[in-house]
Structures are given as structure tokens and as C-alpha cells.
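Biologist: I am new to this structure and would like a close look at a single part. Please pick one helix, walk me along it, and then show me what lies around it.

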Amino acid sequence: MIIKEFLELRRDKRTMAMIVVLPLVLLVVFGYAASFNVDSISTHVVGPQAQQVAGQLREPFDVKKVEPTTDEATARERLRDSKVDVVVVTKEGSSTALVDGSQLFTAKAAVAELAKTGGAIKPDVLYNPDLKTSWIMIPALVGMILAFIGTIITSIGLVRERQAGTLEQLAVMPFRPSDVIAGKIAPYFALAALDMIVVAVVGGLLFGVPFSGSVLTFALGGALFLFAVLGIGVLISTVSQNQGQATQLALMTMLPQILLSGMIFPLESMAAGVRWIGYLLPLTYFIQISNGTMLRGAPIASLWIPLVVLAAMATVVFCAAVLRFRRDLAPSQPSAKRKDSEQMAGAR
């Protein structure tokens, strides 16, 4: 029995990957990505005393711009649009550091370093003044829930259709593969959208998380993200023969999104060799959109990059899912049609 079990494990490549490869991946990811330390804080210094104050700032503040003629209103816009982490506004005899509180770990590091200046520069934390973890986690949890429904639940549901043999019936119906996919994912899309609304509302009521931006921008980002993760779920279902395989593959795609999207560990603190993986994940861009709309009230003009990236990801993944689904249905069509003709001939 022991030998038999080892032979079966050797033939099951997905399980072997879970047993051997996944622990190594987690080791590397946690070794290089699991860090809350912030080594660089993007900083602008504006106002009449900008040159003098900029010379006083030390690491981890990375002064990108020194602009004596820029006013505080422009500085606040840059912070709202997430173009910088800290803006130091200088005046005659005093300086105030505007800190983006939606970047929790960066903000905490900035406040701690500013405390070392002995009050020469006073911090003013915006968008999350008390630096509450819940204010950062709720927008990210919305994305994680959408990814869970879109990837795991969708893939399992479609594989269940394959095991039940109903895909053979769909093959002989007058539907295109895109019609079949749209019909299959529509219920999951509706349920995930409902969950998105519930989590955002309950998060606001229980934890006091504000919603400062445009609901339409948030909804657009959520829709694009959902299309991307639903497409991933369909792709997983096309390469899985049973629900166990679908669950394994879905978990393997979910773990990187949770660990490397900036949801738990800040992207800036990750090693460059791992950080680039985060920029290939849909959840990374949805978190940017949800944080921007819920906490900072960022307009759509400042969120166009993550929106465009999500739209491109959704298009590529969905096209791949349709092509793969068409290939799966094509072999079953001739046999199904031949079976129908044989039944008709027998009836005659």
C-alpha cells in the first residue's frame, strides 16, 4: 500500500508541486518579501524654506523635489494622487510634514523619523490620521474576497459541470464558447459584486472606514478586477479534471496575490527580485484603486494607470479563457452530433 501510494503521488504532478514546490516558493517569498521595514520614503519639500529644510532630512526620506514656489494646495493634491509619500510644507519659522496615512507602514516610519527632529518638523497624517490598521485592511479585503469568489468558486463550479457531463450537452447547443462562459460566470459576477458592496458598507459601519471618493470609479475598478479573476477561474477549470485539482491550482494562484500585492507587506520593502511579481497580479492594482477611492478620495484621472492595467489584464485573460474553452468543446462536438444522428437513424 505504501509503494502504491508513492506511485500514485508520482503520477499526480499537481499534488507533487503542492508538496515540493509550494514550500520552496513560500520560503523564498517570506524570506524576501515578508518585511515591514521601509527603507525609502518618497518626499517633496515645498515652500519658501524648502532648500534649508531639504538639507536637514536624512534617510529614509528620499527627497525627489525641492520647490520653493509650490504652495500647500498643490502639495495636498500630490499626496491625494499618491505621487509622493510625504510632502514637507515649509513656512517662516515652522514646517509641517503632510504624511499619506493610507500607506500605513510608510506613514508609521515617517512619523517615527520626524519625531527624531525634536519638533522642527511637525507631522500631519492625512487620510488615516490615527494610523488604524483596519482602515487599510478593509479596502484590501474587498479585493481578496472578489479574488476568492472569482478564482476558487468559479473554477470549482465549472469543473463540476465537466464531471457531471453537462459540457457535452452544451457542445451541441447553439451557443458560442463566449456565450457559455458569459452565462456561467454571470451569477458569480453578481454575487461577488454584492459581496463587494456588503464588505464596503459593513467595513464603514463597524470600523469607521470612510468612503471619500467616487462610487463609479470604485465600481469600475471592481468590475475590471472581477473580469480578470473570473477569467483566471475559467482558465483553471479548463486545465483541471476534477474539483480537487481546481482547488489546488486556485490556491496556488491566490497565495501570491495575498502575499505579494501589497495587502500585507508593502511592495516598497520587498526585494526587487520578488517585487516585480506583485506588478503582474490583478489584486495589486485593485488595492491601489480601492485605497485611492475609499481613503484619499482620488479622482479617476489619478487612477487611470491601475484601471488601464486591469482592463488589459481582463482582456488578455478572458480571450485566453474563451480560446481554451473553445478547444475543450471542439472535440466533443463531432461525437455528440454523431450520437444524435445514430439515435435518429435508429428511430427511423
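Modeller: Start with the whole chain. In this predicted model, residues 24 or more positions apart account for 72% of the contacts with a separation of 6 or more. The protein chain holds 14 helices and 5 strands. Of its 348 residues, 43% are buried.

Now take helix H10. H10 covers residues 243-260, which makes 18 residues. At 1.5 Å a residue, H10 should span 26 Å, and its end C-alpha atoms are indeed 26 Å apart, so the two values agree. Just beyond the helix comes Gly262, with a positive phi near 90°.

Next, look at which residues of H10 are hidden. The buried ones are Gln245, Ala246, Gln248, Leu249, Ala250, Met254, Gln257, Ile258, Leu259 and Leu260. A general point helps in reading such a list. An α-helix has 3.6 residues a turn, so residues three or four places apart point the same way.

One of these residues deserves a longer stop. Gln257 lies in H10. Its relative accessibility is 3%; buried means under 20%, so Gln257 counts as buried. Its side chain has a polar atom 3.1 Å from the backbone nitrogen of Leu283. Leave aside the neighbours within four places in sequence, and Gln257 is in contact with Phe225, Leu281, Pro282 and Leu283.

Follow Phe225 first. Helix H9 takes in residues 215-238, and Phe225 is a contact of Gln257. H9 has 24 residues, with an expected span of 34 Å at 1.5 Å a residue; its end C-alpha atoms lie 34 Å apart, which agrees. In H9, 17 of the 24 residues are buried, so the helix is largely enclosed by the rest of the structure. Its N-terminal end is capped by Ser214, with a side-chain oxygen 3.3 Å from the backbone nitrogen of Leu216.

Then follow Pro282 and Leu283, both contacts of Gln257. Helix H12 runs over residues 282-296. H12 leads on to the largest pocket, where it gives the largest share of the lining, 5 residues. Strands E1 and E2 and helices H5, H6 and H13 also supply at least two lining residues each.

The space in this pocket is about 970 Å³. Its lining counts 43 residues, and Ser82, Gln103, Leu267, Glu268 and Gln288 lie nearest the centre. By class, 20 lining residues are nonpolar, 15 polar and 8 charged.

Terms used. Residues numbered from 1 in each chain as written. Predicted model: local features only at pLDDT ≥ 70, side-chain atom pairs only at ≥ 80, totals over all residues. Heavy atoms only, no water. Helix = DSSP H or I, 4+ residues; strand = E, 2+ residues; numbered from the N terminus. Expected span 1.5 Å × (residues − 1). Buried < 20%, exposed > 50% of the residue type's maximum accessible area, 1.4 Å probe, protein only. Polar contact = N/O pair within 3.5 Å; in protein donor to acceptor, adjacent residues only side chain to side chain. Contact = heavy atoms within 4.5 Å. 1 Å grid on protein atoms, 1.4 Å probe; cavity = no way out; pocket = protein on both sides within 12 Å on 5 of 7 lines; lining within 4 Å. Points joined across faces, edges and corners; volume = space filled by probe spheres on them. Nonpolar A, V, L, I, M, F, W, Y, C, P; charged D, E, K, R; others polar.
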